[in-house]
Amino acid sequence: MHTVEIKSEAERSLREKVYTIYSKWIKADSTVPSGSFVKVLFKGEHVGYGFYERIGPIGLRVLAYLSEGPPDTLEEIMRWRIQRAYKLRTLMGEKADAGYRLVYADSDGMPGLIIDVYGKTSVIQSSSIGWDSNKMKLAKIIVDEGISQRVYLKNDQRGRKEFGLPVERAFLIGGGEEKEIIREGKANLVVDFKLGQKTGFYLDQRPIREKISMMKLDGYRVLDLFSYNGSFTVHALLSGAVNSVMVEESPTAIKIALENMRLNSLDSYELIRGRVEKICDSLIAKRRKFDLVIADPPAFITSKSHYNKGARAYAKLIESVLKLVEPGGLVYISSCSYYLKENELLEMIKKEAVNNGFGIRLLFHNSPINSCSYTRIIDEQLRYLKGYLFRVE
């Protein structure tokens, strides 16, 4: 087995059991092929096992430190990690028919890997050449452990293309339609893991969708911006809203949204295809008003260097939303930009409300801990989503 040495500068990371080690912290070895399962050394001593990556800035993905008491072969370590993750989700009451995240990268000791379970299908998404090389072993373990009957590989995220990793969408085990239907509260929702975003569904917004499903929205008019698969609209209409205007740019997302409307026998909606910014301006010009406005935008701040530009985009969106909601109405706005912190989003809401003469009453916080659950306390980079439901007064 090949070995990879971690430099002394990374000693603190080892003490904290950080699993993603940057290239600058390892001693490069051109004789070790990328993706190899290796012994990890520190100051000449064996301290763990991992994948030697050298993909982009990532040099090493640690799969287990010896202090954790792992097995000593790759397949056994993979099974050990899957079993531990599944046991925790079972403890917390996760159900396949509702969909849940089985593996969340570093938080489950499987850095560079996401596994979501929807009904009888597990969907794998990898950003690691090591996991790519062992995808069939991983799929077999998932089925052997009784977690799902089918395993689908959805390696189509943008980062893979940037680092020269292949785009792959295919069943690893099983076959058939590349969809599942999950049950979330009162709603039945389609998960299209071939054409949908991420692994086919946004599990991270579940806390706020569940909150909406509990609300009494009789007579409410809803505006659902960046509506994606229409799941917010489904919950709002099932909770008594009289109609919903969905705004979405992606034709694929619109197709899934229409499928969700049919699945739940809903017809009190209007679907507008276009850029949210332009549609909002048009609705404001027409003096349209809504009782509940939902804004779940993509990440406007994708890096530190884009902070100022992205922050202006969030501020503009908040301003538009405030002009579209009726006084006394409700707004939910979120950000999946890691570089925008919770308090910063809240300050933006406060500033735009004051500038436009509104008071704000906070009703619900979709916190990074609730929306991105199961993370270790040190895995701050995995807690990205935050959102606030508030009343405009």
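Before we start, here's how helices and their axes are set: helices (H or I, at least four residues) and strands (E, at least two) are DSSP runs, numbered from the N terminus. Axes are lines fitted to C-alpha atoms, for helices over the stretch in contact, and angles run from 0 to 180 degrees between N-to-C directions.

You're looking at a predicted model, where local features need pLDDT of at least 70, side-chain atom pairs count only at pLDDT 80 or more, and totals for chains, interfaces and linings use all residues. Residues are numbered from 1 along each chain as its sequence is written, and side-chain values use heavy atoms, with hydrogens and water left out.

**Exercise 1. Describe how α10 and α11 pack**.

Step 1: Find the helices. α10 spans residues 307-324 and α11 spans residues 342-355.

Step 2: Get the geometry. Two packed helices are described by the angle between their axes and the distance between the axes. For α10 and α11 that's an angle of about 50 degrees, with the axes 9 Å apart.

Step 3: Name the arrangement. Angles under 35 degrees count as roughly parallel, over 145 as roughly antiparallel, 65 to 115 as roughly perpendicular and the rest as oblique. So α10 and α11 are oblique to each other.

Step 4: Give the handedness. A crossing is left-handed if the near helix is turned anticlockwise from the far one by less than a right angle, and right-handed if clockwise. The α10 and α11 crossing is right-handed.

Step 5: List who touches whom, with contact meaning heavy atoms within 4.5 Å. From α10 come Y307, A311, Y314, A315, I318, E319 and L322, and they meet E344, L345, M348, I349, E352 and A353 of α11.

Step 6: Sort these residues. Ala, Val, Leu, Ile, Met, Phe, Trp, Tyr, Cys and Pro count as nonpolar, Asp, Glu, Lys and Arg as charged, and the others, Gly among them, as polar. In the contact of α10 with α11 you get ten nonpolar, no polar and three charged.

**Exercise 2. Do the same for α9 and α10**.

Step 1: α9 covers residues 276-285, and packs with α10 at about 30 degrees, axes 10 Å apart.

Step 2: That angle makes α9 roughly parallel to α10.

Step 3: α9 passes α10 in a left-handed crossing.

Step 4: On the α9 side, V276, C280, D281, L283 and I284 make the contact; on the α10 side, K316, L317, S320, K323 and L324 do.

Step 5: The contact of α9 with α10 splits into six nonpolar, one polar and three charged residues.

**Exercise 3. Split the chain into domains and look at the contact between domain 1 and domain 2**.

Step 1: The bounds, which come from an automatic or database domain assignment, give domain 1 (3-68), domain 2 (74-176) and domain 3 (180-392).

Step 2: Taken over C-alpha atoms, the centres of domain 1 and domain 2 are separated by 22 Å.

Step 3: Their contact takes 16 residues from domain 1 and 16 residues from domain 2.
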